[in-house]
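Please read the points below beside the coordinates. They start from one residue and its contacts and then move outward.

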Amino acid sequence: MDHKIAKRSGVSSDARVVRSRAALGAALVELVAERPFGEITIAMLTDRAKVGYATFFRHYPDLSALLIEVADSLIAELLSKLLPMLQQGDRLALVRTLTAEVMSRRTLCHALLTGAGDPMRQMVTQRAIAQALASPAETPDGLPRELAVTHLVGGALTILTWWLDRAPDMAADDVAAILDRLVLAPVLVAQVPG
C-alpha cells in the first residue's frame with residue numbers, strides 16, 4: 001500500500017527525515033487496518049515502520065499528531081479529485097467518487113472519523129473545512145462561501161461517520177444518494193447542468 005504523507009511546512013527535506021515520516025505514516029495506516037486506533041502504541045508503530053522509538057518523537061509529540069498528518073494528506077488527495085466535479089456541477093460523479101474513496105480506505109476513514117474519538121473527528125472536520133476554503137472552488141451566487149463550504153464538508157463528514165459507524169453494510173451508491181439529497185442538492189441545485 002503506497003500512502004504518501006504530506007510534508008508539513010518547515011519540515012526538513014532531508015531524505016532520512018522524509019523516509020522516516022513516510023514509513024511512520026504507512027505503518028500507522030497498516031496498523032489502523034488491524035486494530036482500533038486506541039490500541040496502537042508508539043512501540044508497535046516504530047517496530048512496524050522499522051524506525052527507532054526516539055525517532056518518532058523527533059517528528060511527532062504523539063500518535064494523534066501523526067494521524068492528523070495522515071488525515072491532511074487524505075483530505076488534500078480527496079479534494080484534488082472532488083473539486084473538478086464540483087466545479088462542473090456533476091453531483092452524481094462527486095458523491096460516487098467520494099463514497100468509493102471512503103470504501104477503498106474504510107479502515108483509515110473509520111479511524112479518523114470514529115475510532116479515534118470525537119476530538120479527532122472534530123479536528124478532521126476543521127482541517128477539511130480549512131482546506132476546502134483555501135481551494136479556488138466557487139460558491140453558488142447568494143450563498144456566503146464560508147457557510148456553503150462548512151455545510152458541504154461538515155454534512156458530508158457527518159453522513160460518512162454515520163455510515164462507517166452505524167450502517168457499515170449500506171451500499172456505497174445508497175450513501176452517495178443520501179449525500180446528494182441531504183448535502184449537495186440544497187447547495188448546488190442551481191449549478192446542475194441541463
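1. In this predicted model, L28 touches F37, I40, L45, L66, L67 and V70, when residues up to four places away in sequence are left out of the count. L28 is also, together with L45, L160 and L179, one of the residues with the most contacts inside the largest nonpolar core, a set of 61 residues.

2. That core draws two or more residues from each of helix 1, helix 2, helix 4, helix 5, helix 6, helix 7, helix 8 and helix 9 (172–188), and its largest share, 15 residues, comes from helix 4. As general background, nonpolar side chains in soluble globular proteins tend to be buried together.

3. Helix 6 (residues 106–115) deserves a separate look, since its buried residues can be listed one by one: L108, C109, A111, L112, L113 and T114. What covers these buried residues includes helix 1 (15–34), helix 4 (63–88), helix 5 (91–104), helix 7 (118–134) and helix 8 (145–166). Just after helix 6, G117 takes a positive phi of about 95 degrees.

4. Which residue has a positive phi although it is not a glycine? The residue is K50, with a phi of about 60 degrees, and the general expectation is that most residues other than glycine have a negative phi. K50 is found in the loop between helix 2 (42–49) and helix 3 (53–59), and K50 counts as exposed because its relative accessibility, 73%, is over the 50% cut-off.

5. A search of the whole structure finds three aromatic pairs. In one of them, F56 and Y60, the ring centres are 5.6 Å apart and the planes meet at 40 degrees, so the pair is classed as tilted, an angle neither under 30 degrees, as stacking would need, nor over 60, as edge-to-face would need. Both partners fall under the 20% limit and therefore count as buried, F56 at 0% relative accessibility and Y60 with a relative accessible area of 1%. A single aromatic cluster is formed by Y53, F56, F57 and Y60.

6. One further contact with a ring involves a charged side chain: R106 lies over the face of W163, at 5.2 Å from the ring centre. A reader who is checking this arrangement may wish to view it together with helix 6, whose residue range, 106–115, begins at the position of this arginine.

How values were computed. Residues numbered from 1 in each chain as written. Predicted model: local features only at pLDDT ≥ 70, side-chain atom pairs only at ≥ 80, totals over all residues. Heavy atoms only, no water. Phe/Tyr/Trp six-rings, centres within 6.5 Å; stacked < 30°, edge-to-face > 60°. Buried < 20%, exposed > 50% of the residue type's maximum accessible area, 1.4 Å probe, protein only. Lys NZ or Arg CZ within 6 Å of the ring centre and 35° of its normal. Helix = DSSP H or I, 4+ residues; strand = E, 2+ residues; numbered from the N terminus. Contact = heavy atoms within 4.5 Å. Core = buried A, V, L, I, M, F, W, Y, C linked by side-chain atoms within 4.5 Å.
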